[in-house]
Amino acid sequence: MSDAFRLAVAQPRSRAGEPEAVKLADALAAIDEAGEAGAGLVLFPESYPGPIRAGSAMDCRTEIAGAAASASVAVCWGRIERGGDGRYRTVAYLTGSNGEELLRYERAHPATGDVHPVLSGVPMAPGAGLGIATVGGVGIGVLVCSELWIPEVARTLAVRGAEILLAPAGGAFRRVAPNWQLIARARAIENELHLGLTQALFGDEAGSAMIAGPEGVLASTDAAGLIVADCDLARARWLREHDDSMREPKEFDSLPGLLRARRPELYGDLARPASGLYDYDDASRA
């Protein structure tokens, strides 16, 4: 079992009207850079390099698989796809360091409101499950954009064995950015794991790229580019396996044993159907 995992997070700038081929070229260059940095995986934003717009015929799976194999680095990237039912879905892929497809995750909780019609031209249909796979013997969970704000998603992935969460987002955070970063840190702390967050930079906005651990931020940038950090899996496992203590000096910066302290038998309401819930399936037919 690996005790460390080097994670790279790419935060590209997305320019209006930019040809899709430019995004792909930038992504391939970032994969090479991540490989040269010795990363085990590189994360891209939601629906990047794309396509992000409905009606596009671009399919870069072959190019990304080739770049991943050449650089010996796994890649989390995304696109929107039209299914056999005629509806579009946001899909995140995990491509292995040998070019094989490890995960195809359809975003289970599309954004509400006008987000997808504005960014992609169409609403998105929900996927049917959650996204988790293994990279280099390490459990990797994927939750897309605002799914980071739904604590049940991250917690379920952690319970299923994720030690690193990947949180690709679309961008245009602006005034929400500080709380988005706060939520990212909270997910890492409360689930005693590491988390990579990134977005596409639209216009002149500052970015929110971050690699956070259960006890603090390891790397961050508001600029376009690549950040890299070593995730100390052994330390996160120590936190999961030990209990809180009043002893001083404390051996931890975040409370240990949180996952073991749960009492699932008390949380049945979380799985009970309720009125007033957002109807993702109906919204996707708008």
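The following exercises work through the fold, cysteines, backbone and selected residues of one predicted protein model.

Local features are reported at pLDDT of at least 70 and side-chain atom pairs at pLDDT 80 or more, while totals for chains, interfaces and linings use all residues. Residues are numbered from 1 along each chain as its sequence is written, and side-chain values use heavy atoms, without hydrogens and water.

**Exercise 1. Overall form**

Task: State how many helices and strands the protein chain has, and compare its radius of gyration with the globule rule.

Solution.
- Step 1. Helices (H or I, at least four residues) and strands (E, at least two) are DSSP runs, numbered from the N terminus. The protein chain has seven helices and 13 strands.
- Step 2. The radius of gyration, taken over C-alpha atoms, is set against a globule rule of 2.2 Å times the number of residues to the power 0.38. For 286 residues the rule gives 19 Å, and the radius of the protein chain is 19 Å, so the chain is as compact as a globular protein of that length.
- Step 3. Along the principal axes, the C-alpha atoms fill a box of roughly 60 × 50 × 35 Å.

**Exercise 2. Burial, contacts and charge**

Task: Describe the protein chain by its buried share, its contacts, its accessible surface and its charged side chains.

Solution.
- Step 1. Buried means under 20% relative accessible area, exposed over 50%, and partly exposed in between (1.4 Å probe, protein chains only). Of the 286 residues, 49% count as buried.
- Step 2. A contact means heavy atoms within 4.5 Å. Among contacts with a separation of 6 or more, 66% join residues 24 or more positions apart.
- Step 3. Accessible areas come from the Shrake-Rupley method with a 1.4 Å probe, and for residues only the protein chains shown count as cover. The accessible surface of the protein chain is about 13100 Å², with 52% belonging to carbon and sulfur atoms.
- Step 4. Lys and Arg count as positive and Asp and Glu as negative, without His and the chain ends; each charge is placed at NZ of Lys, CZ of Arg, CG of Asp or CD of Glu. There are 28 positive and 38 negative side chains, and the centres of the two sets lie 4 Å apart.

**Exercise 3. Cysteines**

Task: Find the number of disulfides and explain the result for C60 and C145.

Solution.
- Step 1. A disulfide is a pair of cysteine sulfur atoms within 2.5 Å. The search of the whole structure finds zero.
- Step 2. For C60, the closest cysteine sulfur is in C76, 13 Å away, which is too far for a bond. C60 is buried at 1% relative accessibility.
- Step 3. For C145, the closest cysteine sulfur is in C76, at 13 Å, again too far for a bond. C145 is buried, at 12% relative accessible area.

**Exercise 4. Backbone exceptions**

Task: Locate the cis peptide bonds before P51 and P249, and the positive phi values of S47 and R174.

Solution.
- Step 1. Most residues other than glycine have a negative phi, and most peptide bonds are trans.
- Step 2. The bond from G50 to P51 is cis, with omega near 15°. P51 is in the loop between β3 and α2 (61-71).
- Step 3. S47 is also in the loop between β3 and α2. Its phi is positive, about 55°, although S47 is not a glycine, and S47 is buried at 7% relative accessibility.
- Step 4. The bond from E248 to P249 is cis, with omega near -5°. P249 is in the loop between α6 (233-241) and α7 (280-283).
- Step 5. R174 has a positive phi near 50° and sits in the loop between β9 (164-171) and α5 (177-191). R174 is partly exposed, at 48% relative accessible area.

**Exercise 5. Three buried residues**

Task: Give the element, burial and contacts of S14, L43 and N191, leaving out contacts up to four places away in sequence.

Solution.
- Step 1. S14 is in strand β2 (residues 13-14) and is buried, at 12%. S14 touches K23, A200, L201, F202 and G203.
- Step 2. L43 is in strand β3 (residues 41-43) and is buried, at 0%. Its contacts include A8, V9, A10, C76 and L166.
- Step 3. N191 is in helix α5 and is buried, at 0%. N191 touches A154, R155, A158, R240 and L259.
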